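Please look through the sequence and the model below before reading on. It may help to keep both in view, since the report moves from the whole chain to single residues.

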Amino acid sequence: MANTTKFLGIAMVVLVAGLVAGCASSGTVKKVTAGDASLLTGRWTGNVYATGVPASTATMTVNPDGSYSTQGGAFTSTGKIDLKDGYVHFMSTGGSGALGSGERSGSATLMDRGGSWGLVGNGYGSRGGPFDFDFSKGK
């Protein structure tokens with residue numbers, strides 16, 4: 001029993017270290033405030049990863065009023081962003097396709113990747129289930 005507990009403890013340390021290293025290679029985390037809202041405005045490109053299907057290349061446009069629209073593969077979505085506790089939160093207002101329809105929400109971390117910004121996060125859709133995303137745009 002003690003060996004099993006020790007093995008699980010070591011496995012957890014290795015997993016956490018891998019996650020931290022993976023995040024660090026994606027850039028430096030920037031905790032967002034209301035003053036950073038203009039950094040989000042513009043056209044973002046990247047991928048959306050849903051469970052059990054290949055990644056979808058997608059484009060997200062964030063408007064100065066905080067509304068957004070996303071198009072990728074067989075889905076579209078629209079919604080509103082909110083900056084809270086240093087993160088970007090997404091709430092859907094409409095969409096089509098399995099990933100775009102139904103109730104959806106998600107959150108992301110803004111990453112400083114040197115010459116570009118990154119939005120890395122995840123969410124859940126009532127029809128499409130869990131998803132992850134990674135978008136980038138130039139500075």
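The report that follows goes from the overall fold to the interior and then to selected residues.

## Overall fold

The structure shown is a predicted model, and the protein in it has two helices and nine strands. When these elements are read along the sequence, they follow the pattern α-β-α-β-β-β-β-β-β-β-β.

Of the 139 residues in the protein, 33% are buried. The protein exposes about 7,900 Å², and carbon and sulfur atoms supply 61% of that area. Among the contacts with a separation of 6 or more, 36% are made by residues that lie 24 or more positions apart.

## The nonpolar core

Which residues of the largest nonpolar core touch the most other members? This core has 21 residues, and the ones in question are Trp44, Phe90 and Leu119. At least two residues of the core come from each of strand E2 (42-50), strand E3 (56-62), E5, E6, E7, strand E8 (116-125) and E9.

Phe90 can be followed further through its contacts, leaving out residues up to four places away in sequence. Its partners include Leu119, which also belongs to the group just named, together with Met60, Tyr68, Ile81, Ala108 and Phe133. Phe90 also touches residues with charged side chains, Lys80 and Arg104, and the rest of its contacts are Ser105, Gly106 and Ser107.

## The cavity

The count of cavities of 30 Å³ or more comes to one, and the largest cavity has a volume of about 230 Å³. The elements that give two or more residues to its lining are strand E4 (67-72), strand E5 (75-84), strand E6 (87-96), strand E7 (104-112) and strand E9 (129-138).

Altogether 15 residues line the largest cavity, and those nearest its centre are Tyr68, Thr70, Ser77, Phe131 and Phe133. Sorted by class, the lining has nine nonpolar, five polar and one charged residues. Two of the residues nearest the centre, Tyr68 and Phe133, are also contacts of Phe90.

## Two residues of strand E3

Ala58 is found in strand E3, and it counts as buried because its relative accessibility is 2%, where the cut-off for buried is under 20%. Leaving out residues up to four places away in sequence, Ala58 touches Trp44, Thr45, Gly46, Val48, Thr70, Gln71, Gly72, Phe75 and Phe135. One of these partners, Thr45, is 13 residues away along the chain, and its C-alpha atom is separated from that of Ala58 by 5.9 Å.

Ser56 has its place in strand E3 as well. With a relative accessible area of 17%, Ser56 is buried, since that value is still under 20%. Apart from its neighbours within four places in sequence, Ser56 is in contact with Gly46, Asn47, Val48, Gly73 and Phe75. Gly46, Val48 and Phe75 are thus in contact with Ser56 and are also touched by Ala58.

## Strand E5 and the loop after it

Is Lys80, which lies in strand E5, buried, partly exposed or exposed? Lys80 is partly exposed, because its relative accessible area is 40%, a value between the cut-offs of 20% and 50%. Not counting residues up to four places away, Lys80 touches Asp65, Gly66, Ser67, Tyr68, His89, Phe90 and Met91. The C-alpha atoms of Lys80 and Met91, which are 11 residues apart along the chain, are separated by 5.5 Å.

Asp85 has its place in the loop between E5 and E6, and it is exposed, with a relative accessible area of 63%. The phi of Asp85 is near 55°, which is a positive value in a residue other than glycine.

## Residues of helix H2 and strand E7

Ala37 belongs to helix H2 (residues 37-40), and at 34% relative accessibility it counts as partly exposed. Ala37 and Asp65 are 28 residues apart in sequence, while their C-alpha atoms are 9.3 Å apart in space.

Met111 is found in strand E7 and is buried, with a relative accessible area of 4%. Between Met111 and Ser136 there are 9.0 Å in space, C-alpha to C-alpha, although the two are 25 residues apart in sequence.

Notes. Residues numbered from 1 in each chain as written. Predicted model: local features only at pLDDT ≥ 70, side-chain atom pairs only at ≥ 80, totals over all residues. Heavy atoms only, no water. 1 Å grid on protein atoms, 1.4 Å probe; cavity = no way out; pocket = protein on both sides within 12 Å on 5 of 7 lines; lining within 4 Å. Points joined across faces, edges and corners; volume = space filled by probe spheres on them. Helix = DSSP H or I, 4+ residues; strand = E, 2+ residues; numbered from the N terminus. Core = buried A, V, L, I, M, F, W, Y, C linked by side-chain atoms within 4.5 Å. Buried < 20%, exposed > 50% of the residue type's maximum accessible area, 1.4 Å probe, protein only. Contact = heavy atoms within 4.5 Å. Areas by Shrake-Rupley, 256 points an atom, 1.4 Å probe, with all protein chains shown as cover.
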